[in-house]
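Colleague: Before we discuss this model, I would like each label justified against its definition. Could we go through them one at a time?

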Amino acid sequence: MTDGSGGARHVIPAAVERTYGAEDLGATGLFGGGFINFGYWQGIDLDRALTEEDRIAGQRALYRHVLDGLAPGEGLRVLEVGCGMGAGGAVALEEYGFALVTGMDIHPEQLRRAAQATAEVCARRPGELRFVRGAAEDMPFGDGEFDCLYSVEAAQHFRDLGAFAREAARVLRPGGRMVVATFLVPDADPVRARRPAELLPTFAEDLDVPHTVPELTDALERAGLDDIRVASIGESVWPGWDRWLDRTWAPGTWPHNFLLAYREGTLDYFTVTARSPQSGATG
C-alpha cells in the first residue's frame, strides 16, 4: 500500500532526483533483488567468481545485520527511513515478526517501484506493509508512532542530520530503538572530509554528503537519544563490494575508489545505534 501524504512539503535534491528517478539506479547491474546497498559480505567466499545470488544474499544480509540490532520482538511497529524499492521492508515484515512495517522515501518513483515489487507480500499480509512519502528531516507521522526505526544506506543523502535526529527522536516511543547503517567519514578532520569529493563523483556531484561520525552521533545526542553506539563493519562491506565491481568496472576506474577511501581512512561503513529514553528517565 502506498500513501502519498506529506509529499508536497519535500524538495528532492537534484542529484537524488536524477539517480533514483530517470536513471533508476536499482535497475543497474550493480544491484539486484530489489535492494540498493553495497552488501554485507561476511561468510561469502570472495576468492571465487561471485554470482548474482551472492550479490542479493549480501544485500539481504546487510538488512538482517541492521534489523538484528533493533532487538526486534513480535508485534512492534517499525519505520524504515529511505526504503528504496521495498525489498528490505519485506524482509523486516516476513522474517522479524513486526506488526507493521512502514517504508518512507522522498522519491515518488521509488515508492511506486516499492509498491509494485512488494504487491504479493502486501496481498498476503494486508495492512502490514505500507509505503509513505516523506523526508528524513520532516516525517509525516505522529509523536511516538513507532517502536523502532532503521535506515540502510540512505543517510549519506540526508542534507540535515540534526533535523533527521530530531524527527527520529520524535516519532520513536519512549524506549524505542534505532539503527542507521551508512558510509561516513570516521572523524571530524576537515581535510579528511574534503577527500571523498576528490575520489568519488557521487560526492563531487552532491549525491552523497561527506557526513562524519561525530556529526551524526552529536546530532543524536542533541535530539535527546541515548545509548549511542558506533560500530565499523567496513571489513564486511568494502572488499566484497570491490570484488563485485570487477564484473563490470575495470581496475582503476572510480567506483573502485570506495575501497581505496576505506583503506586510506577517508570513509568507512558504520552501524550507529541509539535509544529513545524511557518515559521519566533523567540524565
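Modeller: Let me begin with glutamate 145 and arginine 130, whose side chains meet in a salt bridge, at 3.2 Å from N to O. This is a predicted model, in which local features need pLDDT of at least 70 and side-chain atom pairs count only at pLDDT 80 or more, while totals for chains, interfaces and linings use all residues. Residues are numbered from 1 along each chain as its sequence is written, and side-chain values use heavy atoms, with hydrogens and water left out.

Colleague: What makes the contact between glutamate 145 and arginine 130 a salt bridge?

Modeller: The term requires a side-chain nitrogen of Lys or Arg within 4 Å of a carboxyl oxygen of Asp or Glu; the N to O value for this pair is 3.2 Å, so the pair qualifies. The two partners come from distant parts of the chain, 15 residues apart, with arginine 130 in strand E4 (129–133) and glutamate 145 in the loop between E4 and E5. Helices (H or I, at least four residues) and strands (E, at least two) are DSSP runs, numbered from the N terminus.

Colleague: Is arginine 130 buried or exposed, and how do you know?

Modeller: Buried means under 20% relative accessible area, exposed means over 50%, and partly exposed lies in between, with a 1.4 Å probe and protein chains only. Arginine 130 has 17% relative accessibility and therefore counts as buried, whereas glutamate 145, at 25%, counts as partly exposed.

Colleague: Which other salt bridges satisfy the rule, and how many are there?

Modeller: The count comes to 22 salt bridges. One of them joins arginine 113 to aspartate 24, whose closest N and O atoms are 3.6 Å apart. This pair also links distant parts of the chain, with arginine 113 in helix H4 and aspartate 24 in the loop between helix H1 (14–20) and helix H2 (52–68), 89 residues apart. Arginine 113 is buried, because its relative accessible area is 10%. Both residues belong to a network of salt bridges that links Asp24, Glu109, Arg112 and Arg113.

Colleague: Where do glutamate 167 and arginine 170 lie?

Modeller: Both lie in helix H6, three residues apart, which is about one turn of the helix, and their side chains meet in a salt bridge at 2.8 Å, N to O. Glutamate 167 has a relative accessible area of 11% and so is buried, while arginine 170, at 26%, is partly exposed.

Colleague: Why is H6 described as largely enclosed by the rest of the structure?

Modeller: Nine of the 11 residues of H6 are buried, so the description follows. Among the buried residues are Leu161, Phe164, Glu167 and Val171. The buried residues of H6 pack against strand E2 (77–81), E5, strand E6 (172–184) and helix H9 (213–222).

Colleague: What makes helix H3 largely enclosed?

Modeller: Eight of the 10 residues of helix H3 (residues 87–96) are buried, so this helix too is largely enclosed by the rest of the structure. Its buried residues, including Ala87, Val91, Leu93 and Tyr96, pack against H2, E2, E3, helix H5 (119–124), E4 and E5. Glycine 97, with a positive phi near 75 degrees, follows H3.

Colleague: How do you know whether threonine 102 is buried, and what is it in contact with?

Modeller: Threonine 102, found in strand E3 (residues 100–105), has 0% relative accessibility and so counts as buried. Contact means heavy atoms within 4.5 Å, and, leaving aside neighbours within four places in sequence, threonine 102 is in contact with Val78, Leu79, Glu80, Arg130, Val132, Phe141 and Phe146.

Colleague: What makes Asp160 eligible for a surface patch?

Modeller: Patches are made of residues with over 30% relative accessible area and no salt bridge, where like charges are joined within 9 Å and nonpolar side chains (Val, Leu, Ile, Met, Phe, Trp, Tyr) within 5 Å. Aspartate 160 has a relative accessible area of 37%, partly exposed, so the accessibility condition is met. Aspartate 160 sits in the loop between strand E5 (146–152) and helix H6 (161–171), and Asp160, Glu215, Asp218 and Glu221 gather in a patch of negative charge on the surface.

Note on methods:
Areas by Shrake-Rupley, 256 points an atom, 1.4 Å probe, with all protein chains shown as cover. Lys, Arg positive; Asp, Glu negative; His and termini not counted. Charge placed at Lys NZ, Arg CZ, Asp CG, Glu CD.
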